[in-house]
Amino acid sequence: MSITTAPPKESFRLGMLVYDTRYRSITIQIVALIGFLILAGWLVNNTLHNLAVLGKPIDFSFLKDSAGYDINQRLIDYNSQSSHWRATVVGLINTLLVAFLGCITATIIGIIVGVLRLSNNWLVARLMTVYVETFRNVPVLLWIVFTMAILIETLPAPRDFRGDDSEASMVLFDSVALTNRGFYVPEPMFSRGLGDLPILADRSSPACAVPEGGGPVSDSCGLFQVSLDLLLILAVLGAGFYVSSLIRKRADRIQNQTGDRPTTWYLRLGVVVIPTVAVLVLLGFHLGRPELKGFNFQGGIYLRNSLIALWLALSLYTAAFIAEIVRAGILAISKGQSEAAAALGLRSNRIMSLVILPQALRVIIPPLISQYLNLTKNSSLAIAVGYMDLTGTLMGITLNQTGRELETVLMGMLVYLSISLCISAVMNLYNQRVKLVER
Amino acid sequence: MKQTVLVGALALAGLSAGVAGAATLDDVKARGKLNCGVTTGLTGFANPNANGEWEGFDVAVCRAVAAAILGDPTAIEFVPTTGKTRFTALASGEIDMLARNTTWTFTRDVDLKFEFVGVNYYDGQGFMVPKELGVSSAKELDGATVCIQTGTTTELNLADFFRANNMEYEPVPVETDNEAQQQYLAGACDAYTTDASGLAAVRATFEAPGDHILLPEIISKEPLGPLVRHGDNEWGDIVRWTLNALIAAEEYGITSANVDELAQGTESPEINRILGTEGSLGEMLGLNADWAKNAIKAGGNYGELFEKNIGEATPIGLARGLNAQWTNGGLLYAPPFR
């Protein structure tokens with residue numbers, strides 16, 4: 001006689017949700033989730049209700065209205081008659097510009113300082129320590145304001161450049177003017193340029209009508225316009241680098257077969273430089289110099305002191321953190337690696353660039369991402385120096401002129417969130433590539 | 001009971017906006033203090049003095065209102081606001097009234113849901129430039145760099161003015177008057193633009209005020225006045241009629257010096273009604289009968305406040321101009337107290 005020992009069938013009772021340890025944790029989580037959702041819903045509902053009572057229900061139609069204010073730094077066409085939406089885009093581009101410039105500069109400075117902090121040279125190492133400690137221990141807002149104050153107070157005003165025996169003069173063969181309103185540098189110009197290509201243009205809109213007798217469409221056509229000259233030059237440069245990489249691969253192949261590496265540097269340099277120079281000559285490339293006309297310098301590229309102050313302060317501040325990250329990354333690589341590399345006969349700078357840094361990157365990249373995010377978010381302090389970024393336009397003047405606090409701030413938060421997530425995504429992709437591949 | 005407190009605290013923490021609305025008068029009385037929004041510091045209009053007490057032309061309006069309600073011109077919590085934060089502060093109930101060189105415009109009144117209770121200074125936007133620039137008219141400012149406070153009507157006027165005259169300019173946005181002064185004095189901007197009264201006030205604080213001139217063009221109308229939120233008309237009435245009482249007091253010759261004497265009763269029924277010895281105007285406002293007497297005693301009538309804070313005897317040196325009584329060819333005209 002065989003006894004089947006099937007477990008007693010237990011029917012599910014409601015009480016088990018609380019008393020049975022198998023279900024209890026799930027019950028608690030679900031209850032907490034419901035509670036959280038109710039609270040969030042109540043907050044949202046309360047907000048909407050109170051806004052309705054105030055007579056200000058959520059409404060984004062103000063974005064279509066004419067903004068009415070001017071923005072000094074605009075990388076796309078904008079005037080005071082443009083919409084609040086366009087002012088928002090102008091601000092967003094300014095934010096992206098300073099964040100992009102800042103991230104690059106901060107990375108370069110950070111890596112150099114981080115490596116030098118480990119230098120055997122006592123003085124250099126200590127100087128770098130002083131730099132890191134001063135910058136990361138003072139709030140970034142103070143650095144921004146301080147940099148701006150230095151620019152304003154120490155550099156000459158444009159009117160000091162006037163006259164034959166002026167108090168101030170331009171530098172670098174009279175091509176660059178450093179004033180307390182910003183730096184004026186020569187701009188690249190093309191006497192036989194190809195014109196601009198409007199992006200996201202609505203062909204039927206009056207702004208995009210081709211003027212009689214041909215010629216370029218007006219600047220206000222499309223969301224923004226891309227210089228065809230720039231595209232052409234980038235294309236030629238890209239092709240040059242591609243051919244250059246083919247030559248390198250061929251050299252690698254020959255080296256693998258014969259052991260001798262053919263000298264290719266002049267070929268590789270040539271395929272990049274010669275076509276680019278040819279295109280520049282064909283387009284009639286020349287530099288437009290800034291000149292003092294009226295109240296200000298005219299012509300050239302105008303880097304406003306607000307941009308410079310913000311860029312410099314954000315870069316130097318974030319670089320101090322990046323330097324520490326780089327130092328930690330390098331120290332994380334065991335000494336055996338550099339000793340092994342030295343035993344192979346590599347020089348110390350090649351040990352650093354070929355052996356240590358590639359491995360250190362695995363440690364460096366993840367915290368570096370958060371530094372990039374910090375820099376981007378810190379750029380919202382721009383209004384302290386009057387840099388018209390997204391916070392200055394959308395969440396500043398537009399908010400003030402339209403009184404739409406909730407809408408503008410929500411939009412601003414959403415934009416910063418999107419930018420941060422994009423940076424994270426890109427950097428995570430890069431991290432995937434450099435991280436240790438386990439076989 | 002506990003639950004109610006919790007929900008109440010959450011409501012307060014999350015969204016105080018809009019919850020404050022009705023019965024501002026009761027709130028002020030219960031608090032024993034008036035929360036008044038002023039500038040972060042503009043000499044003559046609102047600025048802390050050496051003892052840390054706020055004083056100035058706009059501050060005086062706050063003090064008069066506090067005196068009318070609470071009988072004490074010092075029962076005030078001054079909240080410094082910038083051009084950007086002022087409206088949010090008022091709409092959210094952080095302040096009960098705003099007396100901060102604020103221009104009365106259609107959108108602010110209608111779209112931003114505020115109630116302008118009157119005008120305490122008729123102003124217009126002007127430009128200040130250094131004398132050495134050699135500019136004598138705003139029409140010569142083509143291509144100039146102009147410092148401007150963000151979040152103000154001046155920003156829009158400036159854009160309109162340069163567009164209408166087909167001129168280019170470079171705006172340099174700044175947050176406060178102090179930043180503007182720093183940039184302007186260092187030559188980082190050629191001109192500074194704001195309300196003409198503000199320019200005079202700023203120039204008065206310079207080391208060498210004579211080196212700077214105000215250009216003759218006044219490019220806008222800027223009626224500056226105190227304002228309150230929409231939705232509490234009784235509160236708006238109190239602030240409106242306190243301001244009117246100050247203006248009427250000058251017209252009828254009631255000063256801080258003789259107000260006690262006049263409050264014993266006079267021949268003039270209008271003065272009696274204002275000072276509460278006749279009729280029941282104070283009661284209608286929900287205040288004591290001597291509300292206007294207290295308001296006038298706080299700092300004096302409109303004329304006294306003007307002369308003391310921004311008049312010709314002060315470093316700011318503003319003439320009455322448009323801000324004279326209607327009887328003297330100005331625009332000040334208080335409706336009748338009856």
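Here are three short exercises, with worked solutions, on this predicted model.

**Exercise 1.** Find out which helix gives the most to the largest nonpolar core, and which residues have the most contacts inside that core.

*Solution.* Start with the extent: the largest nonpolar core has 163 residues. Next, look for the residues with the most contacts inside it; among them are Ile144(A), Leu310(A), Cys62(B) and Ala295(B). Helix H8 of chain A, residues 305-331, is the top contributor, with 18 residues. Chain B joins in too, as domain 1 and domain 2 of that chain each supply at least three residues. Now zoom in on Leu310(A): leaving out residues up to four places away in sequence, Leu310(A) touches Val98(A), Ile144(A), Ser379(A), Ala382(A), Val385(A) and Tyr387(A).

**Exercise 2.** Describe the side of chain B that touches chain A, by residue count, element and class.

*Solution.* First count: chain B brings 36 residues to the contact and chain A brings 32. Then go through the elements of chain B that give two or more residues, including helix H1 (2-14), helix H6 (153-164) and strand S10 (169-174). S10(B) holds the largest share, 5 residues. Finally, sort the chain B side by class: 15 nonpolar, 12 polar and 9 charged residues.

**Exercise 3.** Work out how the two domains of chain B are laid out and how they meet.

*Solution.* Begin with the bounds: domain 1 covers 22-122 + 224-328, and domain 2 covers 125-220. Their centres, taken over C-alpha atoms, are 29 Å apart. At the contact, domain 1 of chain B offers 19 residues and domain 2 of chain B offers 15. The domain 1 side splits into 8 nonpolar, 10 polar and 1 charged.

Terms used. Residues numbered from 1 in each chain as written. Chains lettered and ligands numbered in written order. Predicted model: local features only at pLDDT ≥ 70, side-chain atom pairs only at ≥ 80, totals over all residues. Core = buried A, V, L, I, M, F, W, Y, C linked by C-beta atoms within 7 Å. Buried ≥ 20, exposed ≤ 12 C-beta atoms within 10 Å, placed from the backbone. Helix = DSSP H or I, 4+ residues; strand = E, 2+ residues; numbered from the N terminus. Domains from an automatic or database assignment. Contact = placed C-beta atoms within 7 Å. Nonpolar A, V, L, I, M, F, W, Y, C, P; charged D, E, K, R; others polar.
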